[in-house]
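Visitor: I am new to this structure and would like a close look at a single part of it. Could you take me through the sheet, strand by strand, and then show me what lies against it?

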Amino acid sequence: MEVVLITGMSGSGKSVALRALEDAGYYCVDNLPPELLRPFITLEQASTVERVAIAMDVRSATSLPQVPAQLRELASQGITVRPLFLDATTDTLVRRFSETRRRHPLSSKRPASADAPADDLQRALVDAIELERELLADLREEAHVIDTSVIRPAQLQAHVKSLLSAPASQLTLVFESFAFKRGIPVDADYVFDVRMLPNPHYEPALRQQTGRDSEVISFLEKHAEVAQMLDHIGQFLDHWLEPLARDHRSYVTVAVGCTGGQHRSVYLVEQLAARFGQRWTALKRHRELDLG
């Protein structure tokens, strides 16, 4: 049996991720209280359900601390457990709640009058979000994190499906290119800054192309420092991936950033995924290109 547990910040896209898993054939339950996790799994095992996806959120705050131990117990019984945590920057979450006029589930913990000044309402919302981060910190530590700050629902659905299509029994590497001008991905385990490398953007013929196009690849491969950067990142990962796998890590996200997330970081992610995909399961994401 495979159990996917989706947790994360309110407004980060848990419902979108759950719909993606429902489309993929999982039996899905939203907002299951942690006290019912073990009885629910026992019930589904009796009915021969093989793939289950469960969403939990901070509305179960008082009982959330027991979830990590429950997941370890399930794993010890031979059940494949795959925890995912959806996250986003505080600014993004504030904007989403403001746009949808939804009430944060912890807003009652930080009361604010409906006719209070806008600044007071925003401070109350930020306080609720930061409290939620504290309450979910242990679950985040145990899960693979997906940053939903700048991606669309369709991208999130694709990310979730690609992650869960990878074998659960081995380490999965996620190589992600991004633009520093749009912020560092909050789901990154390692971040490499490659903005010091020669930039194809300043070549008019290459400006509209990407790091996957042959002319950009030829441009970058002419510069020794690009090959040196690729080699240094590769050596770092060669050294540390085995210890991470021995530590029972299921996913490791390696983010490579340049100024625009179009040329240098894309090229390096493509090269790294090809190199490490020969030994590990390697997935690619190009945050800025996918947004286009």
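**The sheet and its helices**

Guide: In this predicted model, a good place to begin is strand β4 (residues 80-87), which is joined to β5 by four bridges, with the two strands running parallel. One point where they meet is Leu-84, whose bridge partner in β5 is His-144. Strand β5 itself covers residues 144-147, and its side chains alternate: His-144 and Ile-146 point one way, Val-145 and Asp-147 point the other way, and all of them are buried.

Strand β4 also pairs with strand β1 (residues 2-8), again in the parallel sense, and here seven bridges are found. Within that pairing, Val-3 has Val-81 of β4 as its bridge partner.

Taken as a whole, the sheet is open and has five strands, arranged in the order β2-β3-β1-β4-β5 with parallel pairing. Because β2 (27-30) and β5 stand at the edges and each has a single partner strand, one side of each is left without a neighbour in the sheet. From one strand to the next, the twist averages 20°.

Turning to the helices, α1 (residues 14-23) lies across β1, β2, β3 (51-55) and β4, and runs at about 160° to β1. Helix α2 (residues 37-46) packs on the sheet as well, where it touches β1, β2 and β3, and its direction makes about 160° with that of β3.

Methods:
Residues are numbered from 1 along each chain as its sequence is written. This is a predicted model: local features need pLDDT of at least 70, side-chain atom pairs count only at pLDDT 80 or more; totals for chains, interfaces and linings use all residues. Side-chain values use heavy atoms; hydrogens and water are left out. Buried means under 20% relative accessible area, exposed over 50%, partly exposed in between (1.4 Å probe, protein chains only). Two strands pair if DSSP finds at least two bridges between them. Axes are lines fitted to C-alpha atoms, for helices over the stretch in contact, and angles run from 0 to 180 degrees between N-to-C directions. Contact means heavy atoms within 4.5 Å.
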